[in-house]
Amino acid sequence: MIVILIFSLLSFLLGLILSYINYIVPVKKDPIIDKINNVLPQSQCAKCGYAGCYPYAKSIINNHEKINKCTPGGGELILKINKLLNLKKNLENKDITNKSILYTTVQINEKNCVGCSKCAIFCPVDAIIGAPNFVHTVVKKFCTGCNICLSHCPTNCIEIIKE
């Protein structure tokens with residue numbers, strides 16, 4: 001009992017010290033990175049080559065990364081980021097409809113679905129609905145096209161649909 005009390009008190013004191021240090025020396029954040037991150041689809045699919053949306057947003061600002069790498073975001077996202085950054089370059093139609101940013105969604109072949117629900121567990125935006133041991137389906141409205149579900153389907157009943 002005394003050990004728990006000592007560790008609790010020690011944790012509380014260290015928390016106070018860390019809070020005070022954060023108050024004195026705050027971490028400086030670039031607000032534009034947060035704005036770009038809020039526009040990104042947050043699917044954390046890593047199709048852009050980064051581990052998630054925040055590292056990609058950070059790289060756009062710090063490393064001058066291209067703004068057309070987010071496949072799930074599509075052309076609309078490119079326009080939004082272009083507007084946020086006030087880029088002087090006018091985007092041409094080919095930049096927005098480039099083959100590399102072709103918007104895709106997925107569809108489940110319901111005849112082959114066994115209801116294992118592995119795809120639904122790994123879907124970062126909850127676009128796949130269905131109960132365990134029952135057929136699942138994709139709500140296209142919510143699907144960002146990250147295709148994470150493809151690698152988790154044991155029956156390969158998920159197909160990519162290009163729009």
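**A colleague's note on the predicted model**

1. Of the 163 residues in the protein chain, 33% count as buried. Please keep in mind throughout that this is a predicted model. The chain exposes about 11,100 Å², and carbon and sulfur atoms supply 60% of that area.

2. Here is the overall layout. The protein chain has seven helices and four strands, and along the sequence they come in the pattern α-α-α-α-α-β-α-β-β-α-β. If we take contacts between residues at least 6 apart in sequence, 55% of them join residues at least 24 apart.

3. Helix H3 is a good place to begin looking. This helix covers residues 53-62, and its buried residues are Cys53, Tyr56, Ala57, Ser59, Ile60 and Ile61. As general background, an α-helix has 3.6 residues a turn, so residues three or four places apart point the same way. The buried residues of H3 pack against helix H2 (31-39) and helix H4 (74-85).

4. The packing around H3 leads on to the largest nonpolar core, which has 15 residues. Those with the most contacts inside this core are Ile36, Leu40, Tyr56, Ile60, Ile61 and Ile81. H2, H3 and H4 are the elements that give two or more residues to the core, and H3 gives the most, with five residues.

5. Ile60 deserves a click in your viewer. Leaving out residues up to four places away in sequence, Ile60 touches Ile36, Glu65, Lys66, Ile67, Ile81 and Leu85. There is also a second, separate core of 14 residues, with Ile108, Cys143, Cys149 and Cys153 among its members.

6. Next, the stretch that follows H3. Just after this helix, His64 takes a positive phi of about 55°. A little further on, which residue forms a salt bridge with Glu65? The partner is Lys69, with the closest N and O atoms 3.0 Å apart. A search of the whole structure finds one salt bridge. In general, side chains of opposite charge can pair when their charged atoms come close. As for the setting of this pair, Glu65 counts as buried because its relative accessible area is 18%, under the 20% cut-off. Lys69, at 30%, is partly exposed.

7. His136 is the residue I would look at with most care. This histidine is found in the loop between strand S2 (128-129) and strand S3 (137-138). Is His136 buried or exposed? With a relative accessibility of 1%, His136 counts as buried. A polar atom of its side chain lies 3.2 Å from the backbone oxygen of Gly130, and the backbone oxygen of Phe134 lies 3.0 Å from a polar atom of the His136 side chain.

8. The surroundings of His136 are worth listing too. Setting aside neighbours within four places in sequence, the contacts of His136 include Ile108, Glu110, Cys113, Gly115, Cys116 and Ser117. Ala120, Ile128, Ile129, Gly130 and Ala131 are also among them. Ile108 appears again here, having been named as part of the second core.

9. Ser117 gives the view from the other side of one of those contacts. Ser117 lies in the loop between strand S1 (104-108) and helix H6 (118-122), and at 12% relative accessibility this serine counts as buried. Not counting residues up to four places away in sequence, Ser117 touches Pro132 and His136.

10. Two loop residues are worth a check of their backbone angles. Asp126, in the loop between H6 and S2, has a positive phi of about 55° although it is not a glycine. Asn133, in the loop between S2 and S3, has a positive phi of about 70° and is not a glycine either. Asp126 counts as exposed because its relative accessible area of 57% is over the 50% cut-off. Asn133 is exposed as well, at 67%.

11. Last, a look towards the end of the chain. Asn156 lies in the loop between helix H7 (148-152) and strand S4 (158-162), and at 63% relative accessibility it counts as exposed. How many residues separate Asn156 and Ile108 along the chain? They are 48 residues apart, with their C-alpha atoms separated by 9.0 Å.

Notes:
Residues numbered from 1 in each chain as written. Predicted model: local features only at pLDDT ≥ 70, side-chain atom pairs only at ≥ 80, totals over all residues. Heavy atoms only, no water. Buried < 20%, exposed > 50% of the residue type's maximum accessible area, 1.4 Å probe, protein only. Contact = heavy atoms within 4.5 Å. Areas by Shrake-Rupley, 256 points an atom, 1.4 Å probe, with all protein chains shown as cover. Salt bridge = Lys/Arg side-chain N within 4 Å of Asp/Glu carboxyl O. Polar contact = N/O pair within 3.5 Å; in protein donor to acceptor, adjacent residues only side chain to side chain. Core = buried A, V, L, I, M, F, W, Y, C linked by side-chain atoms within 4.5 Å.
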